[in-house]
Amino acid sequence: MVDTKVTLSGLVLDNPVIPASGTFGFGKEFSKLYDINILGSFSFKGTTLSARFGNPTPRIAECDNGMINSVGLQNPGVDHVIEHELKELKEYFSKPVIANVSGFSIDEYRETSSKLSKQDQVGIIEVNVSCPNVHNGGMSFGTEPKSAYQVTKAVKEACDKPVYVKLSPNVTDITAIAKACEDAGADGISLINTMLGMRINLKTKKPVIANKMGGYSGKAIFPVALRMVYQVFESVKIPIIGMGGVATAEDVIEMMLAGATAVQVGAQNLIDPFACKKIIEDLPNVMKKYSINNLKDIIGGAHNG
């Protein structure tokens with residue numbers, strides 16, 4: 001009998017498979033398709049302090065082995081999420097969830113995280129530092145160590161739940177950002193967020209997406225994500241949640257060998273709503289195939305020798 005359990009900052013998961021924020025909503029639609037309690041956990045829709053309509057349409061562009069999205073953090077705001085979404089969540093999901101938080105100032109990050117940290121259903125706060133800092137010319141909080149440090153420190157001071165910082169791959173040295181987050185007190189790192197990409201419509205000769213550019217995700221980015229997880233594992237001592245192009249149980253194993261303790265599945269949920277269910281069901285067979293008895297034993301295994 002293989003053991004698929006993993007632990008994130010004291011939170012024991014039945015398996016390392018976690019749907020990624022932005023691809024699973026609050027789980028309600030998926031719960032009508034299968035019992036989502038088989039998941040290790042899930043990261044719910046990115047939440048901001050105030051409600052956001054998001055970016056203008058079109059927001060989606062198809063690509064080979066992936067997609068580009070520029071939804072723009074559309075969400076009902078943290079108070080609505082607490083009063084409605086999290087109350088409904090109790091009816092179909094019994095495990096702690098990961099609350100994905102976004103903001104456009106350090107104060108927004110602090111206040112939103114503080115409110116969500118107080119909710120019983122929330123086990124981990126996941127801070128998305130890919131948002132533009134409105135007080136610093138629109139540059140993303142996650143593009144340089146100082147800003148990432150400041151956000152992490154502010155959120156840690158406001159929360160009593162573990163804080164994981166979700167990093168953007170659109171940087172020169174992701175290890176420097178990860179180390180800054182660790183120095184600021186982060187309990188873990190999530191990586192990678194989407195890569196920046198675009199498509200052009202040959203008929204109109206204009207960008208497909210109204211916002212011109214958007215986040216590129218899907219199978220094609222898996223090697224980049226794997227490389228960054230590997231690098232960050234060698235730079236920090238805190239747990240890593242790996243993501244980016246994960247589509248199979250084999251991908252989960254590979255991510256864990258690179259250094260991930262748990263793995264998020266993103267774009268694949270949009271292609272196949274049963275993706276996570278299939279990965280979880282296939283994981284024991286893949287473990288047996290590669291003579292793996294306990295998943296905890298392989299975390300960072302690719303760094304040995």
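What share of the 305 residues of the chain counts as buried? In this predicted model, the figure comes to 54%. That sets the scene for a walk through the fold, from the overall picture down to single residues.

The chain is built from nine helices and 15 strands. Its radius of gyration is 18 Å, close to the 19 Å that the globule rule gives for 305 residues, so the chain is as compact as a globular protein of that length. Along the principal axes, the C-alpha atoms fill a box of roughly 50 × 50 × 45 Å. Contacts tell a bit about how the chain folds back on itself: take those between residues at least 6 apart in sequence, and 71% of them join residues at least 24 apart.

As for the outside, the accessible surface of the chain adds up to about 13,400 Å². Carbon and sulfur atoms account for 52% of that surface. On the charge side, there are 31 positive and 31 negative side chains. The centres of these two sets sit 5 Å apart.

Next come the cysteines. A disulfide is a covalent bond between the sulfur atoms of two cysteines. How many disulfides does the model have? The count is zero. Cys-159 shows how this plays out: the closest cysteine sulfur belongs to Cys-181 and is 14 Å away from the sulfur of Cys-159, which is too far for a bond, given that a disulfide needs the two sulfur atoms within 2.5 Å. Cys-159 is also buried, at a relative accessible area of 13%. Cys-63 is another buried cysteine, with a value of 17%.

The backbone has a few spots worth a stop. One is the peptide bond from Thr-57 to Pro-58, which is cis, with omega near 0 degrees. Pro-58 belongs to the loop between helix 1 (28-31) and strand 4 (60-63). Another cis peptide bond links Leu-191 to Ile-192, this time with omega at about 10 degrees. Here the setting is the loop between strand 9 (188-191) and strand 10 (195-197), where Ile-192 lies.

Phi angles add two further cases. Lys-212 is not a glycine, yet its phi is positive, near 70 degrees. This lysine is placed in the loop between strand 12 (206-207) and strand 13 (214-217). Ser-291, also a residue other than glycine, has a positive phi of about 55 degrees. It is part of the segment after helix 9 (275-289), and with 64% relative accessibility Ser-291 counts as exposed.

Back in the loop between helix 1 and strand 4, two residues offer a nice contrast. Is Asn-55 buried or exposed? Asn-55, which lies in that loop, is buried, since its relative accessible area is 17% and the cut-off for buried is under 20%. Leaving out neighbours within four places in sequence, Asn-55 makes contact with Ser-70, Val-71, Gly-72 and Asn-211. Ala-51 sits in the loop between helix 1 and strand 4 too, but this alanine counts as exposed, at 57% relative accessibility. With neighbours within four places in sequence again set aside, the contacts of Ala-51 are Asn-75, Pro-76 and Gly-77. Ala-51 and Arg-227 are 176 residues apart along the sequence, and their C-alpha atoms are 35 Å apart in space.

Where is Lys-296 found? It belongs to the segment after helix 9, and at 38% relative accessibility Lys-296 counts as partly exposed. Once residues up to four places away in sequence are left out, Lys-296 touches Asp-3, Lys-5, Val-6 and Thr-7. From Lys-296 to Val-224, the C-alpha to C-alpha distance is 23 Å, with their positions 72 residues apart in sequence.

Finally, Thr-175 gives a look at a helix. This threonine is found in helix 5 (residues 174-183) and is buried, with a relative accessible area of 17%. Beyond its neighbours within four places in sequence, Thr-175 is in contact with Gln-231, Val-232 and Ser-235.

Methods. Residues are numbered from 1 along each chain as its sequence is written. This is a predicted model: local features need pLDDT of at least 70, side-chain atom pairs count only at pLDDT 80 or more; totals for chains, interfaces and linings use all residues. Side-chain values use heavy atoms; hydrogens and water are left out. Helices (H or I, at least four residues) and strands (E, at least two) are DSSP runs, numbered from the N terminus. The radius of gyration is taken over C-alpha atoms; the globule rule is 2.2 Å times the number of residues to the power 0.38. Buried means under 20% relative accessible area, exposed over 50%, partly exposed in between (1.4 Å probe, protein chains only). Contact means heavy atoms within 4.5 Å. Accessible areas come from the Shrake-Rupley method with a 1.4 Å probe; for residues, only the protein chains shown count as cover. Lys and Arg count as positive and Asp and Glu as negative; His and the chain ends are not counted. The place of a charge is taken as NZ of Lys, CZ of Arg, CG of Asp or CD of Glu.
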